[in-house]
Amino acid sequence: MLNKIQISNKQLIILMTGFLLGDALIINPVSGAGRDAWISIILTWLVSYILIGMYVYIAKLNPNKTLVEILIDIFGDFFGRALSLIYIWYFLHLSSLVLRSYSEYMIIANYPETPLIYMAILSSIPLAIGLKYGMEAIGRTGIIVSLIIPITLIISTMSVIDHIDITNLQPILKYGIKPVLKSSFNLLTFPFGEGIVFLMVFPLINKKENLFKSSFISVSIVGVIFLLISLRNITVLGENILERGYFSSHLIETIHPGAIFDPFISVSQLILAALQIWIFLYALLIAISQMFNFNDYKPFVFPIVIISVSLSHWIYDNAPDMFRVAKEIYPFYAIPFQFIIPIIILVISLIKQRRSKGKVSE
Amino acid sequence: MFRKLKHIFKYIKLDKEKLRKDKINISENINQQIPNHIDNIEFKLKEIFQDSNDFIIRKITTGNQFKTRILIAYIDGLIDKQLIDDNILKPLLLESQKVIDDESISKRNIIELFEETLITASEIKKVDDFNRTIKAILSGDTVIFIDGTESSFVVSMRGWEARAISEPNTESVIRGPREGFVETLRTNTSMIRRKIKNPNLKFESIELGEQTRTEACICYLKGIADDNIIRDLKKRLSCIKSDGILESGYIEQFIEDAPFSPFPTIGVSERPDKVAGKILEGRIAILCDGTPFVLTVPYLFIESLQSNEDYYSRTLYSSFNRLLRFVSLIITTMLPALYVAILNFHTEVIPVKLVFSILNSNEGIPFEPVWEAIFMLIIFELIREAGVRMPKPIGQTVSIVGALVIGQAVVEAGLVSDIMIIIVALTAISGFIVPSLSEILPFIRLALIIGANILGYMGIVLIVVIVILHISSLRSFGVPYMSPFAPFRSKGMKDTLIRMPLWTMFRKTESLSWKYSGRYSINKNFNEKEE
């Protein structure tokens, strides 16, 4: 099943870019740094090349293997499967986090009278249909629908360009370097570290020699977009307003009512969130079917989507809770999934590779 | 749900097969010898064609000393009687007396004598199988049986009343050839052959339909068309089990990739120039006897926005037309839904002055916008269908009733707002710009309106994402349906939303290589599909 489906490198770039942008645009993990957010974005951007590079390197060391297969390969049958179970939980949790933050955004910004669960259920219909059609259709759809994202960015930036005030950036580093580093770490764990999920998708790519190139291209695009949006929001809104509001992109519209691009932002938000949830759920489904040795993941699509929707309703009490968890708890919760286990995998596969090379040379 | 439908479908198929086995099957493909004696032949033929008064047997005797009895069989109405008189009867009755008397002829070489010196028809075939002669008679050939021999001649003297070549009604152009396909297969193949004078243009014929035995024909340019697609197509055609094939639509429904999808995965055209163009692009045409509509596979989504006239008129204008079609596709699917969404959820998007006029026109109307929209679209579909089925003389009544009575009276009666009338009219006009998508438009419009009523523009986006997911998952004969867009191929983009100049698309200088020269490389992504 896995070998039939193929994704081109262009589609990988689109998927990865959409995935990394995802709900980070909604929640804005660097808001702790205030007006110095752009510094922490630049810092994280540089570090994220190393992090994403590590994930791609793991994929290169274990060609044509998904994360579950790699784990079973390295930690043995029992521990490998146990670790994959943990990752399955992680992916499920992340997918419902994204679904929750997206529906929360929609409720607060556009449909204040609609119940939250209703929004989540309706948005999950295309998700389930897309997963039924498979990753190939999702990749192609990504290429078509992602056209709206640059359009939205350009329109929304152009419409507020005369409100930009560079002095909002000053004084630089007023509170010292500590909050900057902290939000840097937040940003590293929040969208970039979640790239670990692509270890489930890499086996589908048809030209594996370009993996580094295409993932670095998408990391670059994501960095540029983050920087641009962050600078725009800081210069237009100023630190004070930025700290008080939830969704900075939405705030711009409410403060400067001349610019009616709210629908565009919501639509691009939907598409980004959909790409992110698709990848999480796809990875989850593949992990389940590989862990229990099923040939096909399609029977699990609807159950998993339903679980994810209901989980998204339970995980937070309300939106402030969501922001608190995303900024204060999640970064530490993510450390084992994003750093510790991948580093162990990398070290062990490097040792294995060296051993097998040594055997060949003997 | 679809799986269940599939099961039901399978059971129906099985039942049909059982029924078919019970029927008396005349299409035995066993080789049957032609009887030696001419009376036996006559008896057998009369037994087969019992009770059919259009079957005609003519018995003659030739020669002076060596009298040879000859039997000519044909079906009246399928042959040209003048040709038979001139080319068969006259030589056999008049000339044969000289020829046969001149030399002493044994019965063994009388066949060669007939073939080489007597019968003046140009197309003549010697056939030894009795079943094949019957097939030949049924398809309009004349068969000559000779007494004392075990073979017969099939002479092609076909001639029946056929429609003259005329301009097709379905795809009219301002600039371009005025001819369209007709109902006769041979005429249609000749029209394609006249456009592509190349020995690599192949016509492979197949017989479809167990009772109708319709002749169909696969047409492709060898070396340009992908062999895998040809193989796949032949496999699917050989799987057709049906009593009758009356139109190419039957074939289409048997071999298409997604029978339950609203999107067509097989192209249909009535114009030889269009079909020839598609064959040059590496596609395969399926011609079917008895219909002017020719199928082309593989069919991509972008083809429904293309027209043959785009290539005849100049680049700038045809690119403008392409964009116009794309915009009209968006208008015709989205406009009613957008109106519903804006009125229900997002009135802040409309400029203030317009808000007042819209509110004015909506005042006193008892229905919600969504019901107005669905009501007007149903009326539009009714008028459209009535216009097609109506006899021409009373066709005008429909337009009067539709335009004046419904258009005016509905607004005056306060059932529908006049802005809704404008929107439905725009929707209808834009729908006529993309006629090849007319099958899918009602479904998508309805889905979008319902989505817009539930969740505003977000509902529209959700439905659009579902539709895009669906069409990107489709394949037509192994080729991705959204091909030049997704999977994205920059080479194919030259001929999509804009049409680049012809000299950038066709590499005319490379006349040596018959291999595919890169215009939508549809060959690459083929996966063997199982039927």
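Helices here are DSSP runs of H or I at least four residues long, and strands are runs of E of at least two. With that settled, I note that I am working from a predicted model.

**Entry 1, annotated spans.** I looked up "transmembrane region" in UniProt, where an unreviewed entry lists residues 323–345, 417–434 and 446–471 of chain B. I then checked two of these spans in the model. For residues 417–434 of chain B, I found 89% helix and 0% strand, with the end C-alpha atoms 27 Å apart. Residues 446–471 of chain B are 100% helix and 0% strand, and there the end C-alpha atoms lie 17 Å apart.

**Entry 2, the sheet.** I turned next to the strands of chain B, and traced an open sheet of five, antiparallel in its pairing, in the order β1-β2-β4-β5-β3. Its edges are β1 (55–62) and β3 (124–127) of chain B, each of which pairs on one side only. Ignoring direction, I noted an average turn of 25° between neighbouring strands of this sheet.

**Entry 3, one strand pair.** I followed β1(B) along β2 (residues 68–75) of chain B and found an antiparallel pairing over eight bridges. Within this pair, Leu71(B) of β2(B) has Lys59(B) standing opposite.

**Entry 4, helices across the sheet.** Which strands does helix α2 (residues 38–48) of chain B lie across? I found that α2 of chain B lies across β1, β2 and β4 (142–146) of that chain, and that α2 runs at about 15° to β2(B). Helix α4 (residues 110–118) of chain B lies across β2, β3, β4 and β5 (152–155) of chain B, and I noted its angle to β4(B) as about 145°.

Methods: Residues are numbered from 1 along each chain as its sequence is written. Chains are lettered from A and ligands numbered from 1 in the order in which they are written. This is a predicted model: local features need pLDDT of at least 70, side-chain atom pairs count only at pLDDT 80 or more; totals for chains, interfaces and linings use all residues. Two strands pair if DSSP finds at least two bridges between them. Axes are lines fitted to C-alpha atoms, for helices over the stretch in contact, and angles run from 0 to 180 degrees between N-to-C directions. Two residues are in contact if their C-beta atoms, placed from the backbone, lie within 7 Å. UniProt positions are given in the numbering used here, feature names are shortened, and annotations may be inferred rather than shown by experiment.
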